[in-house]
Amino acid sequence: MSAQPNMATAPPAKGKPVTLSSLAERKALGEPIAMITAYDYPSAQVAEEAGVDVVLVGDSAAMTVLGYPSTVPVSVDEMLMLAAAVRRGLKTPLLVGDLPFGSYEVSDEQAVATAQRFIKEAGCDAVKLERGGSSVERARAIVAAGIPVMGHVGLTPQTATALGGYRSQGRTAERALEVCQDALALEEAGCFSIVFEAIPSDVTDLIMPRLHVPVIGIGAGPATDGQVLVFHDLLGIYDGHAARFVKRYADVRGQMIDGVHAFAEDVRARRYPEPDHGYTMAPDERERLNDLLKS
Ligand code: KIV
């Protein structure tokens, strides 16, 4: 992170697309990278206007916009539809598409084919996959096919059941070492960036000096090169459980409920529509219509 914690560094220049090299440069300069998720055209436009560096079409969409109980059920086709909508609303930030559970683990061929769909059909700049282990070879194969890959270690929600639930990872030295080894292996496989999710800040502090690619944290403390939050969490749109690392910057859900409630009340009290909300007709046309209806 920046050596001057209270000085905000400039957002990316408008119209100048964020690239892998500009992200690496931001790391080298100690300028924090801001990443958020987006799942549709309006949230992409908000990310664009707000000047974030990276937008992830996260498989968190499964829960935040599609209403599934976890990220596991979301399909490639569902993710592609959301990613294509985000692409239409985005010009400047780097666009990363999340490979959903079951779409890349089977073989290198499956991983490359799915990643290619995110690039060709949805217009993503890069893809993200979860875990170390066999995902390292999948990442290597996708990179070899010319597609930039972002890794993701620590709490990996696609395999949360095997990790003992949605809980922080790396709280013992042995598990922290595994997280570290996964991150180093993903970097060695060619990942341009790695997400650290829900690991103790102490673990992040110890791993960071060993990594050369930008690390984006979510519940991994302040030492990473950037931070990511889920759009619906930071804006207060999602009413599900919020992890302890979530900071709410707005209560958009509350505002939406108030707005819709006020509309329904106006309709029931015949306060809406008002004359200004309607269209008018010239009096002679109205007269003629009346005659036509009579005949
Ligand atoms: O799916 C997602 O939103 C993610 C972020 C939390 C990094 O993977």
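**Close-up 1. Pro273 sits in the loop that runs between α10 (252-268) and α11 (283-294).** This is a predicted model, as are all the views that follow. What kind of peptide bond joins Tyr272 and Pro273? A cis one, with omega at about 0°.

**Close-up 2. Arg131 has a positive phi without being a glycine.** The phi value here is about 80°. To find Arg131, look in the loop between β4 (126-128) and α6.

**Close-up 3. Helix α4 (residues 76-88) packs against helix α5 (residues 108-120).** The two axes lie 9 Å apart, at an angle of about 25°. With angles under 35 degrees counted as roughly parallel, that makes α4 roughly parallel to α5. The crossing of α4 past α5 is right-handed. On the α4 side, the residues to pick out are Val76, Asp77, Met79 and Leu80, and they meet Thr114, Arg117 and Phe118 of α5. Sorted by class, this contact of α4 with α5 comes out as four nonpolar, one polar and two charged residues.

**Close-up 4. Here α5 meets its other partner in this set of views, helix α6 (residues 134-144).** Their axes come within 9 Å and cross at roughly 50°. That makes α5 oblique to α6. As α5 passes α6, the crossing is right-handed. From α5, the contact takes in Asp108, Ala111, Val112 and Ala115, while α6 brings Glu137, Arg138, Ala141 and Ile142. There are five nonpolar and three charged residues in this contact of α5 with α6, and no polar ones.

**Close-up 5. Next up is α6 again, now with helix α7 (residues 173-188).** How do the axes of α6 and α7 cross? At roughly 20°, coming within 9 Å. The two helices α6 and α7 are therefore roughly parallel to each other. Once more the crossing is right-handed, with α6 passing α7. Ser135, Val136, Ala139 and Arg140 are the α6 residues in play, and they meet Ala185, Leu186 and Glu188 in α7. This contact of α6 with α7 is made up of four nonpolar, one polar and two charged residues.

**Close-up 6. Tyr238 lies in the loop between α9 (231-234) and α10.** Which residues does Tyr238 touch, leaving aside those up to four places away in sequence? They are Met63, Thr64, His232, Asp233, Arg248 and Arg253. Of these contacts, Arg253 also comes with a C-alpha distance: the C-alpha atoms of Tyr238 and Arg253 are separated by 7.1 Å, and the two residues are 15 residues apart along the chain.

**Close-up 7. The largest pocket has a volume of about 850 Å³.** Its lining involves 38 residues. Which of them lie nearest the centre of the largest pocket? Leu155, Tyr166, Glu197, Ala243 and Phe245 do. If you'd rather trace the lining by element, β1 (33-37), α3 (61-64), β6 (193-197) and β8 (226-229) each supply at least two residues. By class, the lining of the largest pocket divides into 19 nonpolar, ten polar and nine charged residues.

Note on methods: Residues numbered from 1 in each chain as written. Predicted model: local features only at pLDDT ≥ 70, side-chain atom pairs only at ≥ 80, totals over all residues. Heavy atoms only, no water. Axes fitted to C-alpha atoms, helices over the stretch in contact; angles between N-to-C directions. Helix = DSSP H or I, 4+ residues; strand = E, 2+ residues; numbered from the N terminus. Parallel < 35°, antiparallel > 145°, perpendicular 65-115°, else oblique. Left-handed = near helix turned anticlockwise from the far one by under 90°. Contact = heavy atoms within 4.5 Å. Nonpolar A, V, L, I, M, F, W, Y, C, P; charged D, E, K, R; others polar. 1 Å grid on protein atoms, 1.4 Å probe; cavity = no way out; pocket = protein on both sides within 12 Å on 5 of 7 lines; lining within 4 Å. Points joined across faces, edges and corners; volume = space filled by probe spheres on them.
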